[in-house]
Amino acid sequence: TNIAKHARATEASITLVRSDDAVTITIDDNGRGFDPALPASRDGRGIGLGLFGMEERVALVGGTLTMTRLQPRGMRILATVPLVGNVTPTAAALRKTTVSL
């Protein structure tokens, strides 16, 4: 939703990887990007609401979220969530989807 609303991207890709101990999702787009450290990229509380919600949800399950500006254009959002409990080890699974906007 953030990409469609704000990025002015023509393409986005989502990669989901499951390893024995974590799930990692990488979202890349070729949009205008932003500097996540700049106040202009954020709302009055210090972060855009969509990004804030993503950070909160990932943190609630013990994960990490990073935002990186890609060169020459675009953004990468990387979320890693640890797998805990009774998880049966399997080979890493990879799925990549490209979406035209």
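Leaving aside its neighbours within four places in sequence, which residues is Asp 28 in contact with? In this predicted model, Asp 28 is in contact with Glu 11, Ala 12, Ser 13, Leu 70, Met 75 and Arg 76. Let's keep that residue in mind and come back to it once the surroundings are laid out.

Start with the overall plan. The chain contains 2 helices and 5 strands, and their order along the sequence reads α-β-β-α-β-β-β. Of its 101 residues, 25% are buried. The accessible surface comes to about 6800 Å², and carbon and sulfur atoms account for 58% of that area. Among contacts with a separation of 6 or more, 57% are between residues 24 or more positions apart.

A word on confidence belongs here too. The mean pLDDT of the chain is 78, with 71% of the residues reaching 70 or more. Residues 86-97 are another matter, as the pLDDT there is below 50; the stretch still has 23 contacts in the model beyond near neighbours in sequence. Where pLDDT is low, the predicted coordinates should not be read in detail.

Now turn to the strands. Strand β4, residues 75-82, is a good place to stand, with pairings to look at in two directions. One is to strand β2 (residues 22-29), which runs antiparallel to β4 and is joined to it by 8 bridges. Within this pairing, Ile 25 stands opposite Ala 79. The other is to strand β3 (residues 64-69), again antiparallel, with 6 bridges to β4. Here Thr 66 has Leu 78 as its bridge partner.

β3 and β4 also form a hairpin, with 5 residues between the two strands. Two backbone details in this connection are worth a look in your viewer. Gly 74, in the turn, has a positive phi of about 105 degrees. Pro 72 also lies in the loop between β3 and β4, and the peptide bond joining Gln 71 to Pro 72 is cis, with omega at about 10 degrees.

With those strands in place, we can return to Asp 28. This residue belongs to strand β2. Asp 28 counts as buried because its relative accessibility is 18%, and the cut-off for buried is under 20%. What does its side chain meet there? The side chains of Asp 28 and Arg 76 are joined by a polar contact of 2.7 Å. Arg 76 is also one of the residues named in the opening answer, alongside Met 75.

Met 75 leads us to the next feature, the largest nonpolar core. This core has 7 residues in all: Leu 51, Val 58, Leu 65, Met 67, Met 75, Ile 77 and Ala 79. Helix α2 (49-60), β3 and β4 each supply at least two of them, and β4 gives the most, with 3 residues. Ala 79 thus appears in two roles, as a core member and as the residue opposite Ile 25.

From the core, follow Leu 51 outward. Not counting residues up to four places away in sequence, Leu 51 touches Met 67 and Ile 77, and also Asn 2 and Phe 34. Asn 2 takes us to helix α1, residues 2-7. Although Asn 2 and Leu 51 are 49 residues apart along the chain, their C-alpha atoms are separated by 8.3 Å. Beyond the residues up to four places away, Asn 2 touches Ala 7, Gly 50, Leu 51 and Met 54. Asn 2 is partly exposed, with a relative accessible area of 28%.

Just along the chain, Arg 8 lies in the loop between α1 and β1 (11-18). Its phi is near 55 degrees, a positive value in a residue other than glycine. Arg 8 is exposed because its relative accessible area is 64%, and the cut-off for exposed is over 50%.

Arg 8 is in turn among the residues that Arg 32 touches; the others are His 6, Ala 7, Arg 69 and Arg 73, again not counting residues up to four places away. Arg 32 sits in the loop between β2 and α2 and is partly exposed, at 41% relative accessible area. From here we can look back at the hairpin loop: Arg 32 and Pro 72 are 40 residues apart in sequence, with 9.2 Å between their C-alpha atoms.

Methods:
Residues numbered from 1 in each chain as written. Predicted model: local features only at pLDDT ≥ 70, side-chain atom pairs only at ≥ 80, totals over all residues. Heavy atoms only, no water. Helix = DSSP H or I, 4+ residues; strand = E, 2+ residues; numbered from the N terminus. Buried < 20%, exposed > 50% of the residue type's maximum accessible area, 1.4 Å probe, protein only. Contact = heavy atoms within 4.5 Å. pLDDT = per-residue confidence, 0-100. Pairing = 2+ DSSP bridges. Polar contact = N/O pair within 3.5 Å; in protein donor to acceptor, adjacent residues only side chain to side chain. Areas by Shrake-Rupley, 256 points an atom, 1.4 Å probe, with all protein chains shown as cover. Core = buried A, V, L, I, M, F, W, Y, C linked by side-chain atoms within 4.5 Å.
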